[in-house]
Amino acid sequence: MLHSLGPGHGKVIVSTYLATHPTKAKASLVLTVVSALLQALVAILLVSVLIWGFNASMRVVNDKANMFVLLSFALVAAVGALICWKALRNIYQTMRKPKLKVKAITGLATSGQLPLTMQAPTLNSMSIQKPVTHTHHADCGCGHQHVADAEAINKASTLREYAGIIVTIGVRPCTGAVMVLLFANVVGMYWMGVLSALAMAVGTALTTSLIAIMTLTGKHLVKRYLSAGNKNGNETWKVAGHYLQLFGGMLLIVIGTLLLNGQESGMSPVFTM
């Protein structure tokens, strides 16, 4: 857990996503746990294949691991760009949303006349009626689902986003796990290195889960405060959430770009000597 408090391990990505998207606690815990385990598995698979399959040296393992690190940083910037695009689309739709106007229907009650649809049909009107071809549309009321449900679309989009976040975090092998595996191989106790990498993944999952719960709690407190201080609190929070989403996406783009430009020595400068 102390190791996972250091740089990396997806803390910024997870907290930014959870703060700017409507996510439940259960889903956030799944997100953090799976991401941490994937980091450890990628490190174990990478080191095992290079050492046992290709008899690679520490320098080669460092170079190959650095490729995954750079890919992870690029994915961070890509996720930030996708979040920005989603936020801008939501802001545009909010600004273009028409205001509904309800018109009162008057005159029928005072005049005593029944609407045309409530008058009894005559024989002539029934005889001249022709079958009308039914055209399906979203509000036709025929009982068939002609368009995708909004909740189903949102759920599918959320699952894709979760998968993208997990891959972005998990594709970067844990630095500490790689170092532990390398030194465990040197002393002839590689199995202990594997167990240590998995134990580090559990500690990482606990740390990121605590951060995720703190992020969700803080977001709910802010939302409750806005709702209590404003009659239109939900609408205000919704609009503010879009701009917060845009800020979070821009933050990830900046972080990903800085990490890409600052990654020179790889996993450890010792292995490059």
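So, to start: is tyrosine 162 buried or exposed? Tyrosine 162 has a relative accessible area of 15%, and buried means under 20%, so tyrosine 162 is buried. Keep in mind that this is a predicted model.

Okay, who is its partner? Tyrosine 162 forms an aromatic pair with tyrosine 17, edge-to-face, 6.1 Å centre to centre and with 75 degrees between the planes. Tyrosine 17 sits in helix H1 and tyrosine 162 in helix H6, 145 residues apart, and the pair links these distant parts of the chain. Tyrosine 17 counts as buried too, at 3% relative accessibility.

Let's stay with H1 for a second. In this helix, residues 11-20, 8 of the 10 residues are buried, so H1 is largely enclosed by the rest of the structure. Among those buried residues are Ile13, Val14 and Leu18.

The structure holds 2 aromatic pairs. In the one I haven't shown yet, the ring centres of tryptophan 52 and tyrosine 190 are 5.7 Å apart with planes at 75 degrees, so this pair is edge-to-face. Here helix H2 gives tryptophan 52 and helix H8 gives tyrosine 190, 138 residues apart. Tryptophan 52 counts as exposed at 59% relative accessibility, whereas tyrosine 190 counts as buried at 12%.

Now, on to H2 and H7. These helices pack at an angle of about 35 degrees, their axes 9 Å apart, and the crossing is right-handed. From H2, the contact includes Ile44, Val47 and Trp52, and from H7 it includes Val178 and Leu181. What kinds of residues make up the contact of H2 with H7? They are 9 nonpolar, 1 polar and no charged.

Definitions and conventions
Residues are numbered from 1 along each chain as its sequence is written. This is a predicted model: local features need pLDDT of at least 70, side-chain atom pairs count only at pLDDT 80 or more; totals for chains, interfaces and linings use all residues. Side-chain values use heavy atoms; hydrogens and water are left out. Buried means under 20% relative accessible area, exposed over 50%, partly exposed in between (1.4 Å probe, protein chains only). Helices (H or I, at least four residues) and strands (E, at least two) are DSSP runs, numbered from the N terminus. Axes are lines fitted to C-alpha atoms, for helices over the stretch in contact, and angles run from 0 to 180 degrees between N-to-C directions. A crossing is left-handed if the near helix is turned anticlockwise from the far one by less than a right angle, and right-handed if clockwise. Contact means heavy atoms within 4.5 Å. Ala, Val, Leu, Ile, Met, Phe, Trp, Tyr, Cys and Pro count as nonpolar, Asp, Glu, Lys and Arg as charged, and the others, Gly among them, as polar. Rings of Phe, Tyr and Trp (its six-membered ring) pair if their centres lie within 6.5 Å; planes under 30 degrees apart count as stacked, over 60 as edge-to-face and the rest as tilted.
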